[in-house]
Every structure is written in C-alpha cells, then in structure tokens.
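Let's take a walk through this one by following its charged side chains and then one of its helices. Have the structure open and follow along.

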Amino acid sequence: MKLGFLLEDHGGAQDWLQGVLTEVFPGISVTVSGRLSEARDKLSHLLQAGFTPDIALIDLSLPDGTGIDFIRDLREQAPECLCIVVTIHDDDRHVFPALRAGARGYLLKQQPQAELARRLSGLIEDEPPLSPSVARRVLATFAPPDTSSQPDLTPREQEVLELIAKGFTLAQVGQALGITRHTTAGYVKSVYRKLEVSSRAEATREAMRMGMIDR
C-alpha cells in the first residue's frame, strides 16, 4: 500500500487534495496535517513505526512556518519520498527555493482537480508534475540572455548593480566604492529606473536575463 502525506492548513483544500491522491493512487493511505509542527510530529511517528511516505503534497504558506522547511525535513529523513508543492504562488520567491529544497514537482491550486490528477499521474511514468506557468518560469532561467534590450548603464551604475545583486547593503556598496550612502541610493534609484524595476530582486533577475551580470 502506498503512503501519502498531506500538509495543508485549509480544510476544504485538504478534502479535494486527498481526493486527487486517491484518484491517482487507489488505496493510498494519507496522513494529513494542517501545521508545520504537527506535520513534523506525525512524520517522526511514522518513521519510528517503520513507515515512510511515498509521496507528499505540501502547501507553502502555513500558520506556523513554510512548507519549504518540511520539504527539507523529508529530504533528510525520507529522501525517497516524492515532495510535490501544491500552492497558489508561482513567483520566483517561492518556486526556486522550493525546488532547491528538494521538491520534485510544483503544481498550482488554481488548476481544476482533474488537471491536478492528470499531472500527478505523470509520476507513474517518471514525469515531473509542473504547472505550465511554473515550467515556463524554470525554462526561462536557462534561456540565453536577451542582450538586445540592455539599458545604457554608466560604469558606476554597473558596479552598483553587481554589488546589490550580490546582496550588499547600501552602506556596504558605498564603502566598497568609496562613495556616500546618499550617492549610492541615487545610483540604485537610477538603475531601477533604467531596468524598469522596483526592488533588488527584480533588478537582479532582469540583469541576469539581459546578460548584464553572471547567473
């Protein structure tokens, strides 16, 4: 008998995700948790009893933490378990940390139950379940940089961009370049304007896409 694990805090979503698992894997036994702490306790009890989950459907937004932490737990304690994210988030801030943590698939709740079941059934043929928008985002990461639309940054702005992409604070950038924090802030504002972004993360992503900084 297959063993499933479901980490989802919403009761309605728990019901239909259990239905998806039962449809794809008839006879599966599913352990359900609504909180990260509860999931860790139940996983510990399963492993102590000699049972290892075959598949886990994991939401990312939980009342007491993030599902990414539970993916890491499973990777360490039950590496053979297939971790599949099922969430509403399809942005870089959620997709890539989850995949790096060990998720073997990433599905969006916005899809109909039948579509979720169809993509999960691909596991039987060793096909990773990915929602289309997530697959496009992952593929775009490995696409050749688009250099045709590079903005015209000054050498100093390019230096500032490279440093903020490495995680430097404004004060650290100023110290590294020998300029004041106020002057640094002006350069950052100019970089954001030219890249048409509003945050460090967006600036880094756009700069990598355009080939302005190394991936």
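Start at Glu-157, which is buried, with a relative accessible area of just 6%. Keep in mind that you're looking at a predicted model. So what does the side chain of Glu-157 meet? Its partner is Lys-194, and the two form a salt bridge at 2.8 Å, N to O. This pair links distant parts of the chain: Glu-157 belongs to helix α7 (residues 155-165) and Lys-194 to helix α9 (residues 181-195), with the two positions 37 residues apart in sequence. Lys-194 has a relative accessibility of 26%, so it counts as partly exposed, whereas Glu-157 is buried.

That's one salt bridge, but how many does the structure hold? The count is eleven. The general idea is simple enough: side chains of opposite charge can pair when their charged atoms come close.

Now jump over to Lys-109, where things get more connected. Its side chain meets that of Glu-8 in a salt bridge, at 2.7 Å from N to O. Lys-109 sits in the loop between β7 (105-108) and α5 (113-121), while Glu-8 is in the loop between β1 (3-7) and α1 (11-24), so this contact ties together parts of the chain that lie 101 residues apart in sequence. Are these two buried or exposed? Lys-109 comes in at 18% relative accessible area, which is under the 20% cut-off, so it is buried. Glu-8 is buried as well, at 1% relative accessibility.

Lys-109 has another partner too: its side chain also forms a salt bridge with Asp-59, this time at 3.2 Å, N to O. Again the pair links distant parts of the chain, with Asp-59 in the loop between β3 (55-58) and β4 (61-62) and Lys-109 in the loop between β7 and α5, 50 residues apart. Both of these residues are buried. Put the pieces together and you have a network of salt bridges that links Glu-8, Asp-59 and Lys-109.

From the Lys-109 loop, carry on into α5 itself. Which residues of α5 are buried? Look for Leu-116, Ala-117 and Leu-120. They cover an arc of only 100° around the axis, so they sit on the same side of α5. And what do the buried residues of α5 pack against? You'll find them against α1, β3, β6 (82-87) and β7. Some of those names should ring a bell: α1 and β7 each flank a loop that holds one end of the Lys-109 to Glu-8 salt bridge, and β3 flanks the loop with Asp-59.

Key
Residues are numbered from 1 along each chain as its sequence is written. This is a predicted model: local features need pLDDT of at least 70, side-chain atom pairs count only at pLDDT 80 or more; totals for chains, interfaces and linings use all residues. Side-chain values use heavy atoms; hydrogens and water are left out. A salt bridge is a side-chain nitrogen of Lys or Arg within 4 Å of a carboxyl oxygen of Asp or Glu. Helices (H or I, at least four residues) and strands (E, at least two) are DSSP runs, numbered from the N terminus. Buried means under 20% relative accessible area, exposed over 50%, partly exposed in between (1.4 Å probe, protein chains only). The arc is that of the directions from the helix axis to the C-beta atoms. Contact means heavy atoms within 4.5 Å.
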